[in-house]
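Trainee: I have a chain open in the viewer and would like to go through it step by step. Can we start with a single residue and work outwards?

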Amino acid sequence: MAVTAKKIQHKESRFEHLLQEQVRNEFTASHQYMAVAVWFDNEDLPRLAAHFYRQALEERNHAMMIVQYLMDNNIKPVIPAIEQVRNDFTETRELVALALEQEREVTREIETLAKTAREEGDYLGEQFMQWFLKEQVEEVSSMSTLLNVVDRSKGNLFDVENYLARETVGDAGADATAPRTAGGAL
C-alpha cells in the first residue's frame with residue numbers, strides 16, 4: 001500500500017503578512033537614506049554623506065534579514081516595489097529630523113510586529129523581533145543625538161562634520177547577535 005503525503009496549505013498569519021510589509025518598509029527607508037546621503041554628497045558634506053550611505057546599507061540589510069527569516073521558515077518572501085522617497089530638501093536640520101522621524105516610525109512598526117507575534121503565539125517570530133527592538137533603541141538614540149548636534153552647531157556644518165569624524169555615530173561595527181542576512185550583509 002503506497003502512502004502519499006498530502007501537501008498542507010500554509011495560511012499566512014498576520015505576523016507573516018506584517019513581516020512581508022516590513023521588507024518594503026526597510027527597503028523604502030534604505031532608499032530614503034540614500035536620497036539624504038546624495039543630497040549631503042552634492043552639498044560637499046562628506047561625513048554626513050558617508051553616515052547616511054551607511055544607514056542606507058543598514059536598512060537594506062535589515063530587509064534582507066527579514067527575507068532570510070522568511071526563507072528559513074519556508075515562507076516565500078516577496079521583494080516589493082517601494083514607496084516614493086523625498087529628494088528635495090533645503091537645509092540640514094530638515095534631513096536629520098526626517099531621518100529621526102523615519103526611525104521612530106520603524107520603531108512603531110517593529111513594536112507592532114513583536115506584539116503581533118506574541119499575540120499569535122509565534123515564539124520564533126517573537127524571538128526574531130527582539131534583535132530589531134534593541135536595534136531601534138540604538139537607531140532612535142543615534143539620530144536624536146545627531147539632530148542635537150545639528151541644532152547646537154547653529155548652522156556651522158563643519159562642526160557637524162567634525163563631530164562625525166570624531167565619533168562613531170551609528171557605526172559600532174558588526175553585531176554577532178544580528179540575524180543572518182540573505183545574500184550576506186553589505
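Trainee: Is Q20 buried or exposed?

Mentor: Keep in mind that this is a predicted model. Q20 has a relative accessible area of 13%. Buried means under 20%, so Q20 counts as buried.

Trainee: Which helix holds Q20, and which residues is Q20 in contact with, leaving aside neighbours within four places in sequence?

Mentor: The place of Q20 is in helix α1, which covers residues 14-42. Once neighbours within four places in sequence are set aside, the contacts of Q20 are E12, L70, I75, K76, P77 and V78.

Trainee: Where does V85 lie, and is V85 buried or exposed?

Mentor: V85 lies in the loop between α2 and α3. Its relative accessible area is 16%. The cut-off for buried is under 20%, so V85 is buried.

Trainee: Which residues does V85 touch, apart from neighbours within four places in sequence?

Mentor: Take Y33 as a starting point: Y33 and V85 are 52 residues apart along the chain, and their C-alpha atoms are separated by 9.0 Å. With neighbours within four places left out, V85 is in contact with T28, H31, Q32 and A35.

Trainee: How are α2 and α3 oriented to each other, roughly parallel or roughly antiparallel?

Mentor: Helix α2 spans residues 46-72 and helix α3 spans residues 92-119, and their axes are 13 Å apart. The angle between the two helices is about 20°. Angles under 35 degrees count as roughly parallel, so α2 and α3 are roughly parallel.

Trainee: Which residues of α2 and α3 meet, and what are their classes?

Mentor: From α2 come L48, F52, Q55 and E59, and from α3 come T92, V96, A99 and E103. By class, this contact has four nonpolar, two polar and two charged residues.

Trainee: What does α3 reach from its first C-alpha to its last?

Mentor: α3 has 28 residues, and at 1.5 Å a residue the expected value is 40 Å. The model comes close to that, with a reach of 41 Å.

Trainee: Which residue just after α3 takes a positive phi?

Mentor: Look at the position just after the helix, where phi is about 70°. The residue there is G121.

Trainee: What pattern does the whole chain follow?

Mentor: The chain has five helices and zero strands. Its C-alpha atoms fill a box of roughly 80 × 25 × 25 Å along the principal axes. Read along the sequence, the pattern is α-α-α-α-α.

Methods
Residues are numbered from 1 along each chain as its sequence is written. This is a predicted model: local features need pLDDT of at least 70, side-chain atom pairs count only at pLDDT 80 or more; totals for chains, interfaces and linings use all residues. Side-chain values use heavy atoms; hydrogens and water are left out. Axes are lines fitted to C-alpha atoms, for helices over the stretch in contact, and angles run from 0 to 180 degrees between N-to-C directions. Helices (H or I, at least four residues) and strands (E, at least two) are DSSP runs, numbered from the N terminus. Angles under 35 degrees count as roughly parallel, over 145 as roughly antiparallel, 65 to 115 as roughly perpendicular and the rest as oblique. Contact means heavy atoms within 4.5 Å. Ala, Val, Leu, Ile, Met, Phe, Trp, Tyr, Cys and Pro count as nonpolar, Asp, Glu, Lys and Arg as charged, and the others, Gly among them, as polar. The expected span of a helix is 1.5 Å times one less than its number of residues. Buried means under 20% relative accessible area, exposed over 50%, partly exposed in between (1.4 Å probe, protein chains only).
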